[in-house]
2 protein chains.
Amino acid sequence: MSGSTEGDLTKTGMSLKHDREWDYELDRIVEAIEERDASKVGLQFPEGLKRRGPQVADDLREVAPDDVTFMLSGQPCYGACDLDTYLMRRTDVFVHFGHTPMKESDSIVYVPLFSNVDPFPIMEESLEELPDPEEDPDVGLVTTAQHMNRFEEMTDWLEERGYEVHTRRGDDRLTKEGQVLGCNYASADIPADQVLYVGGGKFHPVGLAMEHPEKTVVIADPVNNAVSIAEHDQFLKQRYASVHKAMDAEKWGVIFCTKIGQGRWETAQEIVENNENAYLITMDEVTPDRLRNFDMDAFVNTGCPRITTDDGPRFHKPMLTPGEYEAAIGERPLDQIEFDTFHDTW
Amino acid sequence: MSGSTEGDLTKTGMSLKHDREWDYELDRIVEAIEERDASKVGLQFPEGLKRRGPQVADDLREVAPDDVTFMLSGQPCYGACDLDTYLMRRTDVFVHFGHTPMKESDSIVYVPLFSNVDPFPIMEESLEELPDPEEDPDVGLVTTAQHMNRFEEMTDWLEERGYEVHTRRGDDRLTKEGQVLGCNYASADIPADQVLYVGGGKFHPVGLAMEHPEKTVVIADPVNNAVSIAEHDQFLKQRYASVHKAMDAEKWGVIFCTKIGQGRWETAQEIVENNENAYLITMDEVTPDRLRNFDMDAFVNTGCPRITTDDGPRFHKPMLTPGEYEAAIGERPLDQIEFDTFHDTW
């Protein structure tokens, strides 16, 4: 398969990701193993890369001392806050692949796995959706961890074409300049009416558009080779529908997620203290199966917003963000629903 | 619905469990709350009783001091080893309902939830399947946690009818005389050719029959009001089929379960040390979804045997017990497959 940029691959199942070769930074891992004289090494991959784990373990076995045992984390992993803390605490070296650190830690080796897809052809196409720089040169630039390694190049590229590029590091939850997370878009708090998002997927740019409804969010997706404008109308309709369904709820399950970086204890406790029909439910993975056994009419998720908004329809009862809960019980106007974001680390 | 004993209810969906009223021992919980001046209280219920959680929390709220926050565990719970250790460590009082302690602990209040279904009508029926006590008086008696409270009565009842009842406490994993767990049948190591199992479900008696193939296991199920003989042929066929399928496997995923009471580290490590195509995978919940992302041909589960044998067919690749793995790689004759049991606590 070629890496050329012919046509939108969004619905073809032929995304350019098949062209990607990841750099697992084996040298850096082996160095950590030798430095710590490690005998147990834990490897954690995001869901989409779990199948590469055994090969990476094989490659490491070849170069690491013989007495090292490698362990692959089987815990679900969708982001930096899905740290397998059990494995981390019980291994001498623990490697987390594919995400940037939410907080630096000596006990974790982070291997970011940068994409090798060339972002510039699709950025070229995306210029058609941006205003002429002579009319309005201000544009924000954001991207995800996979493309962070070329962020400076992207900035230069836009500047060469006459734009004034606005970037910022966001808050403490974000490691890098211009980085967005599914739960944090603080790096787009910039003085420009347009934001160019370079990266795959719809979730991040739609979240961004919800968080900054006054801005136009242009998506340059180098993986699917497609340019589009982030539309949050459809998404908002889904959210309104969930809130409406939950308005009749009597019994509320209030989910407190026990994952590192996802616990909003004050938010959860405030809800149960003010609603005698609300019950605190604690869990790490929030899945439809786990909630089915609770006899609740609706749920409020104080953990990862992505669970609520992306997976929401998979749950048997309405699943709301804390802000949507306020709308459902009449404490906030329905038209003031916002995207749920996180602004702390852990 | 009446609690009478008319007919086998196994396939009617009308088991006598609907008649059950559980004793949640609220007094004992409130006592612990007051003694420890607790402000956070964790409640963990088995899956089948999770929907009772909110009502129990309500009842406790009424009698406990106002400043106590109750938290329901949303973690899956099928047995005493499914302890929600996160919640346990972060609450002042932690209550685990429905299972006996695998090991006594001051930090856990165990509420066993004894069944109030009368076991004697179905025991009466089960006598037809036992030999005449004048010919062979020796019979073993085992039951599950739900019926433990009447174990002595059951023993007396059988003795009054001329049987010599053999019971034992099993090993350290078992709290009570005559108790069996899904993973431990040491209480049936008694000198009798017959064992009477009083309790619901097929899993326990079939495990028992596999573990003690020389004995006849008679099931007196007071919940479904049915008597039967534990047949392990069908079960064994399934196991053989899984082993056969796994014989061609090249890449093996070796699951090390991180749950308290389920970790068999030596077993897991021995397999990966002796098979260069075996990879250690660590996880708490072992589910089909979590394993699908690993590119393996077969799995060995060193965690809960129930996952392997009960849920086995739900996994996309063969899932074997450690003993079955030995058969699949030719290190043990196929006809020496045994039921996988656990004999330690944690």
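These legends go with a few close-up views of a predicted model.

**View 1. How chain A maps onto chain B.** Turn chain A by 180 degrees, with 0.0 Å of shift along the rotation axis, and it lands on chain B with an RMSD of 0.0 Å. That makes the relation one of a two-fold axis. Looking for the spot in chain A where the backbone comes nearest the axis? The C-alpha to find is that of Glu285(A), 5.0 Å away from the axis. Both copies use the same surface, as 100% of the contact residues of chain A turn up again in chain B.

**View 2. The five-stranded sheet of chain A.** Reading across this open sheet, the order is β6-β5-β7-β8-β9 in chain A, and the pairing is mixed. At the edges sit β6 (164-166) and β9 (226-229) of chain A, each with pairing on one side only. From one strand to the next, the twist averages 25 degrees.

**View 3. Zooming in on β7 and β8 of chain A.** Strands β7 (residues 194-198) and β8 (residues 216-221) of chain A run parallel and are joined by five bridges. For a landmark, pick Val198(A), which stands opposite Ala220(A) in β8(A).

**View 4. Two helices packed on the sheet.** Helix α5 (residues 151-160) of chain A touches β5 (138-143), β6 and β7 of chain A. The direction of α5 makes about 160 degrees with that of β5(A). Helix α6 (residues 203-211) of chain A also packs on the sheet, where α6 touches β5, β7 and β8 of chain A. Its direction makes about 170 degrees with that of β8(A).

Notes. Residues numbered from 1 in each chain as written. Chains lettered and ligands numbered in written order. Predicted model: local features only at pLDDT ≥ 70, side-chain atom pairs only at ≥ 80, totals over all residues. Heavy atoms only, no water. Least-squares fit on C-alpha atoms with pLDDT ≥ 70 in both. Contact = heavy atoms within 4.5 Å. Pairing = 2+ DSSP bridges. Helix = DSSP H or I, 4+ residues; strand = E, 2+ residues; numbered from the N terminus. Axes fitted to C-alpha atoms, helices over the stretch in contact; angles between N-to-C directions.
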